Amino acid sequence: MARQVLFFVLIFSVGSVLGQVSYSIPEEMAKGSVVGNIARDFGLDVKRLKSGKARIFTSDSGEYVELSRERGVLLVKERIDRESLCRQTTPCALHLQIILENPMELFRLTVEITDINDNSPTFKNVEKRFEISESAVTGSKFVLERAVDLDIGKNGLKNYSLKPTDNFVLKIESQADGNKKVEMVLHKPLDREKEEQISLLLKAVDGGDPQMSGTVKIYVTVLDANDNAPVFTQSVYKAAITENSQRGTIVTTVSASDADKGTNGKISYAVSTTMDSVSDIFTVNENGEVILVGEVDFERAKYYQIDIEAKDTGGLSDSTKIIVDVIDINDNKPVINIFSKSGSIPEDSQHNTVIAMFSVLDPDSSKNGQVICRINENVPFRIVTSSNDFYSLVTDIDLDRERASEYNITVTCSDEGVPSLSSSVTLTLQISDVNDNAPVFERSSYEAYIVENNTPGLSIFTVKATDADWNQNARVSYILEDSSVNGVPVSSYVSVSADSGVIHAVRSFDYEQIKNFQFRVKAQDGGSPPLSSNVTVKILIQDQNDNPPQVLYPVQTGGSVVAEMVPRSADVGYLVTKVVAVDVDSGQNAWLSYKLQKATDRALFEVGLQNGEIRTIRQVTDKDAVKQRLTVIVEDNGQPSRSATVIVNVAVADSFPEVLSEFTDFTHDKEYNDNLTFYLVLALAVVSFLFITCLVVIISVKIYRWRQSRILYHSSLPVIPYYPPRYSDTLGTGTLPHVYNYEVCRTTDSRKSDCKFGTVGSQNVLIMDPSSTGTMQRIQSEKNILDEPDSPLEQKPPNNDWRFTQGQRPGPSGATGGPEVAMGTGPWPQPPTEAEQLQALMAAANEVSEATATLGPGTMGLSTRYSPQFTLQHVPDYRQNVYIPGSTATLTSNPQQQQATAQQATQQALPPPQASAQPEPPKAAQTPASKKKSTKKEKK
């Protein structure tokens with residue numbers, strides 16, 4: 001048998017599919033026959049096939065070919081029968097995939113199976129019987145059974161032949177679907193009397209080489225006359241049925257008619273029997289209803305062709321064809337075939353690393369067979385389509401084993417049918433660790449406390465660091481970094497356990513030498529290369545009461561005696577001396593208390609508990625011994641407490657000879673004691689002198705201030721008080737409609753005055769700036785500012801509505817002005833000096849204190865608290881004119897003067913407003929007294 005092999009190679013790059021090769025082989029090849037050399041055709045080395053563990057993957061269950069890695073060729077594994085594999089489908093091919101690993105590669109391979117003439121045409125029945133009336137007219141047709149040849153192409157069914165041809169001839173009619181309709185046509189009338197039985201032989205031959213054939217015997221029984229055959233209403237019927245329809249479903253109904261009457265006109269229907277088992281799936285009843293009796297599967301056959309024969313009792317018949325289309329439904333789930341996968345990948349794998357390769361097949365059609373694959377959410381992977389129905393699962397983002405060390409990836413593939421069907425498969429992927437995380441301490445810095453005088457090797461505390469990696473990469477070791485503390489290596493102070501991180505003290509610490517120190521500890525993992533981090537550790541040493549108090553004074557010497565001298569005239573509480581001691585410890589351990597332990601006379605001296613001062617507790621008498629010996633104990637507040645004692649010698653005497661005579665037995669180092677006594681006496685004299693000098697200076701200043709205040713107090717000079725121009729008439733009417741009270745409060749020995757102004761509850765009031773309630777020194781300083789030409793607080797000229805004479809306006813005693821002054825257009829009057837202001841204020845204060853009566857109505861009274869016996873004759877002349885600060889108006893308490901002033905103001909005409917700016921008021925001339933006081937203030 002000749003074998004033809006068609007070979008071609010198509011190379012393309014789609015995802016991980018690297019190429020495609022097609023082979024063509026005939027069916028029925030012997031086992032072990034070579035299909036093709038894939039190593040040569042794909043350009044691969046035989047070694048690559050071995051190292052890559054090349055294997056064949058097919059979605060079909062049958063394995064017809066196998067791969068020889070040693071030879072690099074594809075061999076026939078099982079006998080291939082094209083008819084059982086593909087039936088009438090053309091072309092018939094095996095679609096294979098060759099998989100290579102390390103790296104992962106996919107090659108597509110197609111093996112086409114060509115047909116050979118190994119099947120002869122066959123008939124389902126070995127014989128066929130007809131009953132034909134002798135009255136059958138010439139041209140009557142009788143449908144014969146069609147032969148079936150499983151081969152295709154030129155090896156398929158080619159022709160029919162009928163012998164003998166005395167009464168019947170063979171008619172072959174080609175149909176649109178490629179099949180042939182075989183009919184036996186009566187071309188010569190039958191004569192039952194001559195020949196009641198006729199035997200015919202129908203032969204079917206194919207076009208193969210050698211030619212093969214099949215036969216069927218036809219027996220014709222000639223019946224009595226029945227000259228009308230059944231006739232179908234349609235030559236072709238079309239119907240449709242959904243797959244998986246229930247049995248008993250009526251597909252369609254056919255109808256045929258016979259012109260004969262009686263039994264010759266009774267028609268029966270039947271399905272023509274063929275080799276394709278259509279009669280096992282469909283049947284027809286006596287009413288012409290085509291009924292489903294088998295299973296219909298779209299995936300097996302997309303349509304069915306049914307031949308229906310109608311026959312009457314006389315043996316005449318007619319045939320029709322029914323084409324039944326099978327409607328697909330979504331009854332098949334996608335099938336997922338995984339042909340390669342990885343069980344573990346490192347966490348530093350690059351993007352698009354292939355995890356698995358799989359194919360998906362859905363045998364349904366149209367949208368029912370279109371598949372969409374997806375994976376579960378929140379996984380760092382994605383699906384990439386490499387070719388039709390082939391997919392790759394790749395990494396999408398960076399992996400991190402510390403976040404997830406294992407992934408369960410569920411691949412779900414669903415079709416687009418309604419309802420949609422799906423299938424899924426779960427892949428488990430392990431993420432192997434990479435040393436990508438440095439150890440992390442639990443805290444950013446550490447502080448630890450240790451009590452001084454500790455035992456060397458004592459555990460202070462523990463530092464702890466964790467590593468998010470796994471196994472060896474997470475094994476943390478602790479290292480003490482090199483540094484120095486006060487020039488000494490830190491390793492001589494502490495040590496760190498490499499495994500546990502416990503910090504031990506190497507030496508015993510002394511709080512008085514070092515109170516704290518810090519160092520750095522490094523945590524390093526066991527990866528390659530290792531990663532590390534460090535942290536600062538601060539050790540704070542806590543104090544213990546390990547030092548007794550030290551007495552600084554009095555100094556204890558071995559060969560001399562230092563004595564404190566107390567005069568016999570000393571009163572109670574006389575300070576003899578002070579014991580000064582310190583404790584180098586800290587906190588409560590350094591809190592000292594002093595107690596008198598022993599004394600020559602306990603009733604004479606006591607010691608301050610907190611300050612160590614030795615004082616007398618009673619009056620010194622002549623009976624007291626000159627030589628007094630005190631033993632003072634100094635204790636700290638530690639637990640347990642420590643103490644020190646000091647001996648204080650006290651000499652109770654008024655002169656040095658008495659002391660020397662009493663202490664003559666102390667002859668050791670006399671020169672040193674004399675010098676010490678001399679310096680002590682000198683220091684006492686200096687301190688006493690400074691104290692007395694300061695006391696005299698203070699008393700002198702007090703007396704001087706008191707005399708100055710008394711001089712001003714008894715002065716009777718009439719002074720017109722001058723107030724800063726910070727008061728203005730709110731209405732501008734030039735009159736005062738209400739009574740205003742001015743209350744002056746001052747002390748007899750103070751030069752500072754605070755003025756308080758009370759007003760009546762009315763809208764027509766004189767308003768004082770709150771910021772002007774200061775002392776006289778402040779007012780004077782503000783006056784100097786106001787006198788400056790460029791000052792923003794410069795006082796403007798007064799209101800022209802105040803029409804008063806010069807005698808009614810404020811100014812120095814006896815000052816008068818010209819007409820321009822009376823009209824309010826002249827210069828501002830000179831203010832009084834500071835001495836005059838002080839005299840006026842003190843006189844006012846004196847009068848207030850002596851007054852017992854109030855002023856009469858209509859005048860500016862000093863106080864409403866004065867008794868009625870007080871008359872105006874007690875008030876000096878300078879107080880009968882009250883000046884309104886901030887204006888040129890003057891109010892008087894004299895009725896006659898008020899009347900004269902009113903008449904004069906009525907006669908005067910009001911001048912027009914001035915267009916130009918008012919001239920600047922002149923500054924007040926300083927008197928010698930004011931200059932002298934200013935000089936004193938500047939010195940202060």
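The accessible surface of the chain comes to about 51,400 Å², and 52% of that area belongs to carbon and sulfur atoms; such areas are obtained by the Shrake-Rupley method with a 1.4 Å probe, and for residues only the protein chains shown count as cover. The model is predicted, so that local features need pLDDT of at least 70 and side-chain atom pairs count only at pLDDT 80 or more, whereas totals for chains, interfaces and linings use all residues. Residues are numbered from 1 along each chain as its sequence is written, and side-chain values use heavy atoms, with hydrogens and water left out.

**Exercise 1. Describe the chain as a whole through its secondary structure, burial and contacts.**

Step 1. The secondary structure comes to 10 helices and 58 strands, where helices (H or I, at least four residues) and strands (E, at least two) are DSSP runs numbered from the N terminus.

Step 2. Of the 940 residues, 40% count as buried; buried means under 20% relative accessible area, exposed over 50%, and partly exposed in between, with a 1.4 Å probe and protein chains only.

Step 3. Among contacts (heavy atoms within 4.5 Å) between residues at least 6 apart in sequence, 67% join residues at least 24 apart.

**Exercise 2. Work out which parts of the chain the salt bridge between Glu105 and Arg48 ties together, and state the burial of both residues.**

Step 1. The structure holds 18 salt bridges, a salt bridge being a side-chain nitrogen of Lys or Arg within 4 Å of a carboxyl oxygen of Asp or Glu. Side chains of opposite charge can pair when their charged atoms come close.

Step 2. In the pair of Glu105 and Arg48, the closest N and O atoms are 3.2 Å apart. Because Glu105 belongs to strand E8 (residues 105-114) and Arg48 to helix H2 (residues 46-51), the pair ties together parts that are 57 residues apart in sequence.

Step 3. Glu105 is buried, at a relative accessible area of 17%, and Arg48 is buried as well, at 16%.

**Exercise 3. Analyse the salt bridges of Glu635 with Lys595 and of Glu613 with Arg615, and name a network of such bridges.**

Step 1. Glu635 and Lys595 meet through their side chains at 3.9 Å, N to O. Glu635 lies in strand E51 (residues 627-636) and Lys595 in strand E48 (residues 592-599), so this salt bridge ties together parts 40 residues apart in sequence.

Step 2. Glu635 is partly exposed, with a relative accessible area of 22%, and Lys595 is likewise partly exposed, at 42%.

Step 3. For Glu613 and Arg615 the N to O distance is 3.0 Å; Glu613 counts as buried at 19% relative accessibility, while Arg615 is partly exposed at 28%.

Step 4. A network of salt bridges links Arg82, Glu83 and Asp115.

**Exercise 4. Give the strand order and edges of the sheet that contains E31 and E32, then do likewise for the sheet that contains E21 and E22.**

Step 1. An open sheet of 4 strands runs in the order E26-E32-E31-E28 with mixed pairing, where two strands pair if DSSP finds at least two bridges between them. Strand E26 (344-346) and strand E28 (371-375) are the edge strands, each pairing on one side only.

Step 2. The twist in this sheet averages 30° from one strand to the next, the axes being lines fitted to C-alpha atoms (for helices over the stretch in contact) and the angles running from 0 to 180 degrees between N-to-C directions.

Step 3. Within the sheet, strand E31 (residues 406-415) and strand E32 (residues 422-432) pair in the antiparallel sense over 9 bridges, and Thr410 stands opposite Thr426 in E32.

Step 4. Another open sheet holds 3 strands in the order E18-E22-E21, with antiparallel pairing. Strand E18 (250-253) and strand E21 (282-284) each have a single partner strand, so one side of each is left without a neighbour in the sheet.

Step 5. Between E21 and strand E22 (residues 289-292), which run antiparallel, there are 3 bridges, and the bridge partner of Val284 in E22 is Val290.

**Exercise 5. Identify the best-connected members of the largest nonpolar core, and the strands that supply it.**

Step 1. A nonpolar core is a set of buried Ala, Val, Leu, Ile, Met, Phe, Trp, Tyr and Cys residues joined through side-chain atoms within 4.5 Å. Of the 29 residues in the largest one, Val494, Ile503, Phe517, Phe519, Val521 and Val537 touch the most other members.

Step 2. The strands that each supply at least two residues of this core include strand E40 (494-496), strand E42 (516-525) and strand E43 (532-542).

Step 3. Leaving aside neighbours within four places in sequence, the contacts of Val494 include Ile460, Leu480, Ile503, Phe517 and Phe519.
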